[in-house]
Amino acid sequence: MKQTIAFRGTKEQEEKLMAVIESHKGQEGAAIPVLHEAQEIYGYLPIEVQKMISAGLDIPLAEIYGIVTFYAQFSVNPKGKYQIGVCLGTACYVKGSGDVLDKVKELLGIDVGECTPDGLFSIDATRCIGACGLAPVMTVNDDVYGRLLPDDVEGILAKYKD
């Protein structure tokens, strides 16, 4: 079951977004730079933000949504305070990263691309991060954990629980 977090934009964020939209209004190809800046402001691009951009740039919402869902650098889901990445590159996968990912999902009760309801953790399946000698590898923000077994996951996550 997909868990969603209610959109909680602030007035300050909305004012920043409106200033960004205004600075790009009427420019050819304005949608992508505005979307990038909006994601910097909000951390992701929920439908509420997409609607503001659509109205502000006078671009159909379907076009904005198409851009957001086409490009991998955009996210329609919020990211957690702690962003977990489990490498599914060949070396990691062969050494069991799929089982590590399954354990992370089981312990957090969310799937890849989702965020825990408390906003603490999100999970992404990544491609090679260049630490093949440490396979299988998991990252939590900038921290790298290697040579993992599924049984290691619970202890690692415990370090980040506030």
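# A walk around the chain

Read along the sequence, the pattern here is α-α-α-α-β-α-α-β-β-β-α. Before you start clicking, keep in mind that this is a predicted model. In total there are seven helices and four strands.

**Stop 1: the whole chain.** Show everything as a cartoon and zoom out. Along the principal axes, the C-alpha atoms fill a box of roughly 50 × 30 × 25 Å. Switch on the surface, too: the chain exposes about 9,100 Å², and 52% of that is supplied by carbon and sulfur atoms. As for the inside, 41% of the 162 residues count as buried. If you take contacts between residues at least 6 apart in sequence, 62% of them join residues at least 24 apart.

**Stop 2: the sheet.** Now hide the helices for a moment. What is the order of the four strands in the open sheet? Going across, you should read 2-1-3-4, and the pairing is mixed. At the edges sit strand 2 (121-126) and strand 4 (143-145), each pairing on one side only. Look at the sheet from its end as well: neighbouring strands are turned by 20 degrees against each other on average, ignoring direction.

**Stop 3: strand 1.** Select residues 82-87, which make up strand 1. Strand 1 pairs with strand 2 in the parallel sense, over six bridges. With strand 3, strand 1 pairs in the antiparallel sense, over three bridges. A bit of background: strands of a sheet pair through backbone hydrogen bonds, and they can do this in parallel or antiparallel fashion.

Next, click on I84. Which residue is the bridge partner of I84 in strand 2? That would be I123. Turn to strand 3, and there the bridge partner of I84 is V140. Go one residue back to Q83, whose bridge partner in strand 2 is S122. Strand 1 is mostly covered, with five of its six residues buried.

**Stop 4: helix 6 on the sheet.** Bring the helices back and select residues 97-108, which is helix 6. Helix 6 packs on the sheet and touches strand 1, strand 2 and strand 3 (138-140). Compare the directions of helix 6 and strand 1: they make about 150 degrees.

**Stop 5: charged pairs.** Show the side chains now. Side chains of opposite charge can pair when their charged atoms come close. The count for this model comes to five salt bridges, and a few of them are worth a visit.

- Select K79 and D124. Their side chains meet in a salt bridge, 3.0 Å from N to O. This pair links distant parts of the chain: K79 is in the loop between helix 4 (61-70) and strand 1, D124 is in strand 2, and the two are 45 residues apart. K79 is partly exposed, at a relative accessible area of 29%. D124 counts as partly exposed as well, at 23%.
- Select K103 and E106. Here the closest N and O atoms of the salt bridge are 3.6 Å apart. Both residues lie in helix 6, three residues apart, which is about one turn of the helix. Is E106 buried or exposed? With a relative accessible area of 56%, E106 is exposed, because exposed is the word for anything over 50%.
- Select D102, K105 and D111 together. These three are linked in a network of salt bridges. One link to find is between the side chains of D111 and K105, at 3.4 Å from N to O. D111 counts as partly exposed, at 37% relative accessibility, and K105 is partly exposed, at 24%.

**Stop 6: a threonine in a loop.** For the last stop, select T116, in the loop between helix 6 and strand 2. Why does T116 count as buried? Its relative accessibility is 5%, and buried means under 20%, so T116 makes the cut.

Zoom in on what the T116 side chain does. T116 makes a polar contact with the side chain of D118, at 2.6 Å. Then look for the backbone nitrogen of L120: this nitrogen lies 3.3 Å from a polar atom of the T116 side chain. Keep T116, D118 and L120 on screen together, and you can see both the side-chain contact and the backbone one in a single view.

Conventions: Residues numbered from 1 in each chain as written. Predicted model: local features only at pLDDT ≥ 70, side-chain atom pairs only at ≥ 80, totals over all residues. Heavy atoms only, no water. Pairing = 2+ DSSP bridges. Axes fitted to C-alpha atoms, helices over the stretch in contact; angles between N-to-C directions. Contact = heavy atoms within 4.5 Å. Buried < 20%, exposed > 50% of the residue type's maximum accessible area, 1.4 Å probe, protein only. Polar contact = N/O pair within 3.5 Å; in protein donor to acceptor, adjacent residues only side chain to side chain. Salt bridge = Lys/Arg side-chain N within 4 Å of Asp/Glu carboxyl O. Areas by Shrake-Rupley, 256 points an atom, 1.4 Å probe, with all protein chains shown as cover.
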